[in-house]
Structure formats: C-alpha cells, structure tokens
Amino acid sequence: MEYSILDKIRKEYKPKLPECLSRDISAVGVEEVNLDTQHPEKAKLKEIMPRTFGKKYVKFVQKPEKINSKPLSVGFVLSGGQAPGGHNVIAGIFDSLKKINPDSRLFGFLGGPQGILDDKVMEITKEIIDDYRNTGGFDLVGSGRTKIETDEEFEKSLQVCKSRKLDALVIIGGDDSNTNAAFLTEYFAAKNENITVIGVPKTIDGDLKTDLIEASFGFDTAAKTYSELIGNVERDSKSAKKYWHFIKLMGRSASHITLECALQTQPNCAVISEEVKSKNQSLQNVIDDIAKIVMQRGNNKENFGVVLIPEGLIEFIPEIGALIKEINKLLGDNEELIASMVGESKKQALWLINNLSPSSSIVFSSLPKFIKEQLLMDRDPHGNVQVSRIETEKLVESMVEKRLLQLKQAGEYKGKFSSMTHFFGYEGRCAFPSNFDADYCYSLGYCATALIAAGLTGYMTSITGLSKPVSEWVPGGVPISLLMTTEERKGKMKPVIKKALVELDGAPFKTFAKNRDEWAIKTSFTYPGAIQYFGPDEVCNKPTITLTLEKGK
C-alpha cells in the first residue's frame with residue numbers, strides 16, 4: 001500500500017480510553033443498573049423476542065482480580081454504509097482480546113453480512129490491523145447491506161459461527177444492522193447456542209441514539225468534514241457575491257447532520273425536516289420560505305447565500321411522504337410486475353399513477369420527470385427509498401427560481417438570482433476519523449470485548465459522558481431490544497430499532513432557531529476549516545456542538 005505523510009503519522013496515534021478500560025481489561029466486570037424502562041410496546045416485543053427482551057443496562061467496573069482470562073474467538077462484520085472510525089472499533093476489539101489472552105483470535109467476515117452467509121472470512125493479525133489504525137473507510141474487510149432475515153439465513157449464520165468455533169459475533173452497523181443483531185440473538189438463544197451477539201452503534205446520520213447511546217460513531221467526523229466544505233463554499237459565495245448555493249447533506253431520514261453543520265457554519269437558511277413535518281408544511285411552503293430569504297437579501301443588494309437541505313427532506317413533506325409510503329407498498333406488493341418493466345420508466349409511471357390514491361396521483365404527476373424516475377428507483381435491501389439518489393437540492397433550487405420569477409413580475413423582488421447545487425455525502429463517510437471518533441471507536445471495541453467476556457448477549461456497546469474528557473467516559477452495554485419499536489417496512493409492520501430524529505424542544509434545535517432569522521438576512525458565515533489532529537484540546541478534541549448543547553456544556 002502507498003501511504004501519505006498524514007496516513008503514516010496517524011497510524012502512530014494512541015487512542016485514549018475511559019478509566020476503567022485503560023487499566024486491566026481482564027479484571028473488568030459488569031454491574032447491572034435498574035432503569036425506569038417502561039417500554040410502550042413491551043407486550044408486543046416480549047411476544048416476538050421472548051428469550052431476549054427485558055435485559056438490564058450494565059456498566060463496567062474494575063474488579064480487584066482477573067475474572068476473564070480464557071482465550072476467546074470472535075467474528076465481526078461491518079454492515080451498511082461506511083463511517084469514519086470503523087477500523088478503530090476493530091483495533092479496539094483486537095487489542096482488548098489479546099490483553100485478555102494472547103491466544104484469542106479475531107476474524108472479519110468479508111463484504112458485510114453476505115460474508116457470514118458465504119462463510120468468507122479473514123483472520124486479523126497485528127501486522128494487518130496496524131496498517132489500518134486511525135484510518136477512514138471500511139476497506140479492511142469491506143461492508144454490505146445484505147439483510148439476514150429468513151429462518152434459512154439465521155440457521156446458515158448459526159452453522160457458520162459454530163463451524164468457526166466462535167464465542168461471539170460483533171455486528172458493527174446502524175439501526176437496521178443492529179435490528180439484525182437482535183434477531184440473531186433471539187434465534188441463537190432459541191437454539192440453546194451459547195454464541196454471544198453484540199452490536200456497535202455506527203452511522204454518520206446520527207439517528208441511532210438514546211440517553212444511553214449518546215452518539216453513533218462517524219457522526220462527529222462526517223459533520224466536521226461537511227462543515228469544512230460548507231465554510232469553503234460560504235467564503236467563495238461571500239467573495240464572488242453572485243451565487244446562491246443549494247447544498248444537500250447526507251443524513252438519511254433525520255436532520256442531525258444538517259442541524260450540526262448549520263450550528264458550525266451559520267448559513268442563510270437550513271431546512272430541518274422534522275420541523276417541516278411538525279408544521280405540516282407543503283413543498284410550496286418550504287419553497288416560499290426560502291424564496292422570501294433570497295428576496296430580502298436581493299432587495300438589500302446581497303445576491304448570494306447558502307441553503308442547507310437535509311437528504312431526507314422529501315420524505316417529511318406530508319404530501320410527498322404519503323406518496324413515498326404508497327409507492328413503497330405498491331413496489332413491495334408487485335415486485336415481479338415492476339421487474340418486468342425494467343428500463344420502461346414511462347410505463348412504470350403510468351401504471352403507478354393508475355394505482356395510487358387520487359391525492360398521491362396528483363402529487364406524483366406534478367413532480368419533474370427526473371424526480372419521478374428517482375422515486376421509482378430500486379429500494380435498498382430494507383425496502384427504503386434511496387434518498388441519496390433523489391436530487392432534492394435541484395428540485396428545491398428550480399422551484400425557488402420559479403417562485404422568484406413570480407415575485408419579480410409582481411414587482412416585489414428586485415435582486416438577481418444565479419444558483420449552483422451540491423450534494424455533500426460520500427466525501428465524509430470515509431474521512432480520517434477525528435480524534436473524538438478515533439478515541440470513541442477504540443473504546444467501543446473494548447466495550448464489545450468486555451460484554452463478550454462477561455457472557456452477555458443481545459447488547460449494544462454504550463458509552464456515556466461523551467462531552468467530558470475521555471478518562472471520564474462511562475462504558476457499558478444497553479439491551480438492543482429496549483431500543484426497538486415497530487415500523488412499516490415493505491408495506492408490513494416489523495420490529496426495528498427506532499430512528500432518533502431531531503428533537504424540536506432540544507437545546508441544539510432551540511439554539512439554531514434562536515439565531516436563524518439573523519443569519520438569514522445578515523451574512524454571519526463561520527468557517528470551521530479542516531479537522532485538526534494536533535494542537536490544543538479546544539481545536540483537536542472538541543466534540544460536536546450538538547453533543548455539547550445536549551449535555552448542557
């Protein structure tokens with residue numbers, strides 16, 4: 001492999017660990033913590049997962065003597081989209097396993113969950129993992145989006161783990177991937193097999209979090225990477241003074257990335273999908289709000305600005321959200337028929353219009369051709385529309401331009417409008433992890449090993465106190481089943497991990513809402529610059545603004 005200078009230097013970084021994990025991992029035990037967890041769907045989930053629902057949250061404590069010293073054999077899989085820090089999770093598992101017993105072994109399944117079904121693995125050695133420490137990407141073993149969901153796939157997974165003599169399987173992924181982990185746990189338990197299943201919270205989207213999962217790994221790095229790019233665009237916009245930039249940001253359904261980037265860069269406008277839904281705003285309402293800001297700035301002779309648009313916005317606009325729901329069900333119920341129309345977008349659209357409800361049919365017909373085609377693209381393996389491939393930024397930009405033309409004809413708009421569109425997504429998923437994510441991911445790896453050594457299964461690694469110095473972080477594990485609810489997938493209700501959306505009564509959104517009117521009219525751009533790996537704490541070890549505000553710092 002060829003290495004850049006930074007690549008070489010970053011491999012030497014020594015991630016920090018919470019106090020109880022930084023001493024003797026062989027002497028780490030668990031302590032159960034009673035929490036008031038009145039799950040709203042307790043009865044339903046208890047029926048679906050009778051053997052694993054109802055476990056308690058645990059935190060790790062140091063014991064005076066070694067309690068875990070036998071060699072362990074562990075397999076892991078990277079599931080779903082990439083997120084900065086994944087390799088440090090693996091490094092954390094590897095190092096902690098070897099500290100418990102040098103004869104412990106770690107195996108990575110290749111290409112995501114499909115690697116489990118195909119029994120394709122590689123053993124991780126010190127020489128191998130040392131090449132990947134503190135690096136971005138998932139290229140050590142690769143990732144994938146295969147969903148393990150049938151009895152045959154569960155049984156195949158079990159037999160592969162048994163044939164490899166694995167004590168545990170660690171699933172590093174987001175909400176759908178960890179839902180997989182919950183059902184694998186239940187299946188293994190039903191078969192009376194003593195194979196531990198552990199989940200690790202991964203997603204740049206930031207939508208896998210609770211009070212006990214304060215952040216999913218990768219969010220910190222991705223948000224800071226996008227904020228650098230946005231700041232650069234803002235500086236250019238302020239310099240040229242002639243373009244409006246419409247920037248769509250990755251983040252799946254939730255607007256956490258957009259909100260964090262807005263707090264870091266102070267753009268003229270940032271749409272928050274959850275607010276759109278809360279206010280029951282139509283697409284035209286959203287367009288009118290943006291056009292009003294452009295008009296006010298234009299009338300002040302400031303014909304430039306930046307608009308941030310969350311990736312999942314289109315799903316939160318009531319009329320389009322209802323349309324997508326209907327399309328998902330129709331596509332799920334008529335897979336063979338739709339497959340026979342491959343490449344015939346016009347035929348697909350006509351069939352769809354004839355089978356949609358009258359209101360959704362009108363909405364679909366009103367959309368530009370390119371949006372119609374993108375709404376009909378193949379769903380991901382979980383039945384979700386691929387929102388990253390829907391060019392919402394271009395839809396919004398074109399509709400704002402149309403609205404401004406109307407305002408100009410009415411004599412209300414006196415400015416000039418020129419625009420550009422951008423999508424920042426893949427640029428941030430495999431960046432060198434920030435110091436925060438490097439430390440956090442390494443600690444999550446240690447957490448996974450501690451849960452395995454304690455014989456606990458069906459847990460997700462949990463670290464709280466993330467706004468404090470690393471030594472004060474509190475590592476533990478939260479039962480995956482406690483994070484679950486039921487949602488419609490492929491037209492049917494299924495148990496899944498509930499997505500955490502932006503809370504409109506939370507400190508991050510309130511801080512944004514308090515300042516956005518001023519940012520809209522007065523150019524208040526801030527320029528975060530590139531992620532810094534060396535220097536004072538306030539520069540290179542600062543957590544996201546979201547996390548800082550949520551913890552009242």
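Helix H21 covers residues 435-453, 19 in number; at 1.5 Å a residue it should span 27 Å, and its end C-alpha atoms are 27 Å apart, which agrees. The expected span is 1.5 Å times one less than the number of residues. Helices are DSSP runs of H or I with at least four residues, strands are runs of E with at least two, and both are numbered from the N terminus.

This is a predicted model: local features need pLDDT of at least 70 and side-chain atom pairs count only at pLDDT 80 or more, while totals for chains, interfaces and linings use all residues. Residues are numbered from 1 along each chain as its sequence is written, and side-chain values use heavy atoms, with hydrogens and water left out.

**Helix H21**

Of the 19 residues of H21, 18 are buried, so the helix is largely enclosed by the rest of the structure. Buried means under 20% relative accessible area, exposed means over 50%, and partly exposed lies in between (1.4 Å probe, protein chains only). Just after H21 comes Gly455, with a positive phi of about 75°.

**The sheet**

Nine strands make an open sheet with mixed pairing. Their order is E1-E2-E13-E12-E7-E6-E3-E4-E5. Two strands pair if DSSP finds at least two bridges between them. E1 (28-33) and E5 (121-123) stand at the edges; each has a single partner strand, so one side of each is left without a neighbour in the sheet. From one strand to the next, the twist averages 30°.

Strand E6 (residues 168-173) runs parallel to E3 (residues 73-78), and five bridges join the two. Six bridges join E6 to E7, again in a parallel run. Three bridge pairs of E6 are listed here.

| Residue in E6 | Partner | Partner strand |
|---|---|---|
| Ile171 | Val77 | E3 |
| Ile172 | Leu78 | E3 |
| Ala168 | Thr196 | E7 |

The chain leaves E6, passes through helix H8 (residues 175-190) and reaches E7; this β-α-β crossover is right-handed. Right-handed means that, with the strands pointing away from the viewer, the path from the first strand over the helix to the second runs clockwise.

How buried is E6? Six of its six residues are buried, so E6 is largely enclosed by the rest of the structure. Ala168, Val170 and Ile172 point one way, whereas Leu169, Ile171 and Gly173 point the other way.

Helix H4 (residues 86-100) lies across E3, E4 (105-109), E6 and E7 (196-201). H4 runs at about 155° to E4. Contact means heavy atoms within 4.5 Å. Axes are lines fitted to C-alpha atoms, for helices over the stretch in contact, and angles run from 0 to 180 degrees between N-to-C directions.

**Cysteines**

A search of the whole structure finds zero disulfides, a disulfide being a pair of cysteine sulfur atoms within 2.5 Å. For Cys269, the nearest cysteine sulfur is that of Cys261, 14 Å away. Cys269 counts as buried, at 13% relative accessibility. For Cys540, the nearest cysteine sulfur belongs to Cys441, 17 Å away. Cys540 is buried too, with a relative accessible area of 8%.

**Positive phi in loops**

Most residues other than glycine have a negative phi. Lys165 is not a glycine, yet its phi is positive, about 55°. Lys165 sits in the loop between helix H7 (151-163) and E6. Is Lys165 buried or exposed? At 66% relative accessibility, Lys165 counts as exposed. Gln266, also a residue other than glycine, has a positive phi near 55°. The loop that holds Gln266 runs between helix H10 (256-265) and strand E9 (269-270).
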